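Hi,

Here is the structure I said I would pass on. Have a look at it first, and then read my notes underneath.

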Amino acid sequence: MRSIRLFHTSSTWLSKFKLDPNYKFKCGIEIHTQLKTKYKLFSLSPTSFYSTPNSKVSYFDCGLPGTQPKLNPEALYLALKLAVALDCEIQQNSSFDRKHYFYPDQPLGYQITQHYHPIAKNGFLELNSKFDEIKNSSKKINIEQIQIEQDTGKTTYDKFDKSVKVDYNRSNMPLIELVTKPDFEDLQQVRAFVKKYQTMVRHLDICTGDLETGAIRIDVNVSVNGNPRVEIKNLGSNSDIQDALKYEYTRQVDSIKNNEKIIQETRGWTGTKTVSLRLKEDAVDYRYVPDSELPFINLSPTIASDIKESLPELPEQILQKLTSKPYDLELKYARFLTENRDTLNYYFQLFKSVADRHHSGKLANNWFIHEFLGAFTKINVKVDLDILPANFLADLVLQVAEKNISTTSARLLLLQIIQTPEDKGKPIQDLIVQYDLGSPVDMSTEDLNDAVSDICSEIISNNADVVERIKKGQKNSIKFLIGLAMKETQGKVNAKTFSEKFNELLDL
Ligand SMILES: Nc1ncnc2c1ncn2[C@@H]1O[C@H](COP(=O)(O)OP(=O)(O)OP(=O)(O)O)[C@@H](O)[C@H]1O
Ligand SMILES: [Mg+2]
Ligand SMILES: [Mg+2]
């Protein structure tokens with residue numbers, strides 16, 4: 001199989017950075033995840049991602065006096081899905097608290113969160129070297145808790161009129177904060193955990209899973225050799241997380257070597273280094289109090305098992321399935337498919353559609369991953385699966401399998417379809433006719449056999465040097481001759497026919 005750029009194998013850059021065995025790295029992370037609900041957490045304004053600033057704001061979202069919160073049950077349901085998928089203990093009773101601080105993006109003067117009684121506790125996510133890029137064979141990351149909370153608005157500094165602008169569209173959007181125990185022992189584990197978490201929230205369909213858009217925001221806490229922890233807030237990409245961790249670990253190790261005291265503090269990441277934002281002594285006193293307007297959440301004792309039954313297959317189960325019979329995909333391709341639900345669904349449909357028509361579904365593997373997705377990469381176009389529905393790609397695969405069209409023609413047709421919007425949705429059979437790609441397949445006809453013989457003979461006489469090489473044992477050079485013949489016939493005759501003919505004519 002040809003390899004294409006869509007896939008990365010292992011991350012060699014990670015191995016360049018080494019922890020010093022004398023300085024023990026310890027890390028715990030906090031993940032904020034924006035839930036994909038229709039409405040906001042405590043109001044009926046629609047959630048919005050790309051709307052005009054301040055166009056999706058209700059009275060409650062901007063903290064007008066007299067307005068009251070009402071919990072959106074969809075947010076609760078999505079949080080529970082994640083909690084169950086991570087094997088957390090769902091708390092039958094939980095409640096909301098007010099975390100006070102004053103900032104323009106927080107119009108209520110406090111954030112509603114779950115400080116004293118979160119919705120779920122004590123879960124875990126297991127990493128293993130079969131499916132995750134970690135050094136040990138397995139590593140369990142314990143989850144301390146999952147809490148539901150509101151997002152804040154967004155402030156931006158406008159350079160032109162030198163003012164700070166506030167957009168309340170994000171205010172009161174539903175978030176969950178997941179807090180892990182400080183179980184990470186190296187950087188690979190953090191990276192693998194975040195990746196696995198991203199894939200999981202996408203599969204559960206509770207969040208887009210993207211760090212770059214801010215749908216997931218991560219704070220990391222690092223300590224070395226039992227010294228106080230330092231928190232680095234708001235890391236926006238996987239590489240920022242890795243770079244910030246490397247920088248902070250090295251900084252702390254150097255401090256210890258220089259006998260400097262490490263203090264508990266919160267730092268920010270500038271893109272090249274971490275800088276102090278505030279020390280523990282200056283920590284804000286949040287004056288947590290239970291929210292007086294929101295009732296307790298009381299859940300049925302069977303809620304965890306009920307939700308468990310309704311969960312889709314989790315990414316790890318899917319990977320297991322894709323790498324075993326009948327799919328038998330290589331792990332890197334299985335991983336690629338698992339990262340995107342639409343791609344995965346397309347693959348399963350294609351596989352089934354080919355298998356249903358009495359062919360090995362495995363024919364689909366190469367055609368989907370290398371030929372179809374590869375064609376987009378080849379011409380540098382964003383993958384759009386709608387261009388060719390799965391059952392149509394299955395038609396094409398079968399046309400090739402039944403030798404009604406050559407592999408070369410099928411490849412050309414895929415490129416053509418991708419670049420021609422008018423071809424979208426047209427049946428494959430019609431396109432084969434439209435582009436005159438049907439091969440004169442009937443090899444029983446003497447005419448065709450003669451035509452193939454003529455073409456091959458001519459190529460042989462025009463390429464004496466290649467023929468000599470083949471005769472001397474470089475059998476592979478025959479591919480060059482086949483290529484010339486295919487070009488001559490514009491891919492209408494398949495490679496196997498030419499291969500047989502060349503072998504016959506050259507007495508191989
Ligand atoms: N010694 C340690 N070294 C590294 N990380 C630690 C250590 N002790 C605790 N942590 C991590 O610090 C994080 C603490 O998060 P938590 O949300 O409980 O508190 P916080 O950071 O003080 O609160 P806030 O949500 O306001 O930032 C957890 O992820 C935990 O695993
Ligand atoms: Mg926290
Ligand atoms: Mg924190």
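**Helices that cross**

Let's begin with two helices: α13 passes α15 in a right-handed crossing. Before going further, keep in mind that this is a predicted model. Helix α13 covers residues 446-462 and helix α15 covers residues 478-488; their axes come within 10 Å and cross at roughly 130°. An angle over 145 degrees would count as roughly antiparallel, and 65 to 115 as roughly perpendicular, so α13 and α15 end up oblique to each other. On the α13 side, the contact is made by Ile455, Cys456 and Ile459, while α15 brings in Leu481, Leu484, Ala485 and Glu488. Sorted by class, the residues of this contact between α13 and α15 are six nonpolar, no polar and one charged.

Now look at α13 again, this time with helix α16 (residues 495-505). At what angle do the axes of α13 and α16 cross? They cross at roughly 60° and come within 10 Å. That makes α13 and α16 oblique to each other, and their crossing is right-handed. Val452, Ser453, Cys456, Ser457 and Ile460 of α13 meet Thr497, Phe498, Lys501, Phe502 and Leu505 of α16. The contact of α13 with α16 has six nonpolar, three polar and one charged residues. If you want a residue to click on, try Cys456: it is listed in the contact with α15 and also in the one with α16.

**A helix and its buried residues**

Next, find helix α11, residues 407-419. Its 13 residues reach 19 Å from the first C-alpha to the last, close to the 18 Å expected at 1.5 Å a residue. Which residues of α11 are buried? They are Thr408, Ser409, Ala410, Leu413, Leu414, Ile417 and Ile418. These buried residues pack against α9 (363-378), α10 (390-401), α12 (428-434) and, once more, α15.

**Two residues in strands**

Thr113 sits in strand β5 (residues 110-113). Is Thr113 buried or exposed? A residue needs 20 or more other C-beta atoms within 10 Å to be buried, and Thr113 has 20, so it counts as buried. Thr113 and Glu149 are 36 residues apart in sequence, yet their C-alpha atoms are 4.1 Å apart in space. Setting aside neighbours within four places in sequence, Thr113 is in contact with Asp97, Lys99, Gln147 and Glu149.

Ile31 belongs to strand β1 (residues 25-34). It has 23 C-beta neighbours inside 10 Å, so Ile31 counts as buried too. Between Ile31 and Val179 there are 6.5 Å in space, C-alpha to C-alpha, although they are 148 residues apart in sequence. Beyond its neighbours within four places in sequence, Ile31 is in contact with Leu178, Tyr197, Ile216 and Ile218.

**Backbone details in the loops**

Pro326 lies in the loop between α6 (315-322) and α7 (331-338). The peptide bond leading into it from Lys325 is cis, with omega near 0°.

Then there is Lys162, in the loop between β8 (154-158) and β9 (163-167). Its phi is near 50°, which is a positive value in a residue other than glycine. Lys162 is exposed, as 7 other C-beta atoms lie within 10 Å.

Asn225 also has a phi near 50°, and you will find Asn225 in the loop between β11 (216-224) and β12 (230-235). With 13 C-beta neighbours inside 10 Å, Asn225 counts as partly exposed.

Cheers

Conventions. Residues numbered from 1 in each chain as written. Chains lettered and ligands numbered in written order. Predicted model: local features only at pLDDT ≥ 70, side-chain atom pairs only at ≥ 80, totals over all residues. Axes fitted to C-alpha atoms, helices over the stretch in contact; angles between N-to-C directions. Helix = DSSP H or I, 4+ residues; strand = E, 2+ residues; numbered from the N terminus. Parallel < 35°, antiparallel > 145°, perpendicular 65-115°, else oblique. Left-handed = near helix turned anticlockwise from the far one by under 90°. Contact = placed C-beta atoms within 7 Å. Nonpolar A, V, L, I, M, F, W, Y, C, P; charged D, E, K, R; others polar. Expected span 1.5 Å × (residues − 1). Buried ≥ 20, exposed ≤ 12 C-beta atoms within 10 Å, placed from the backbone.
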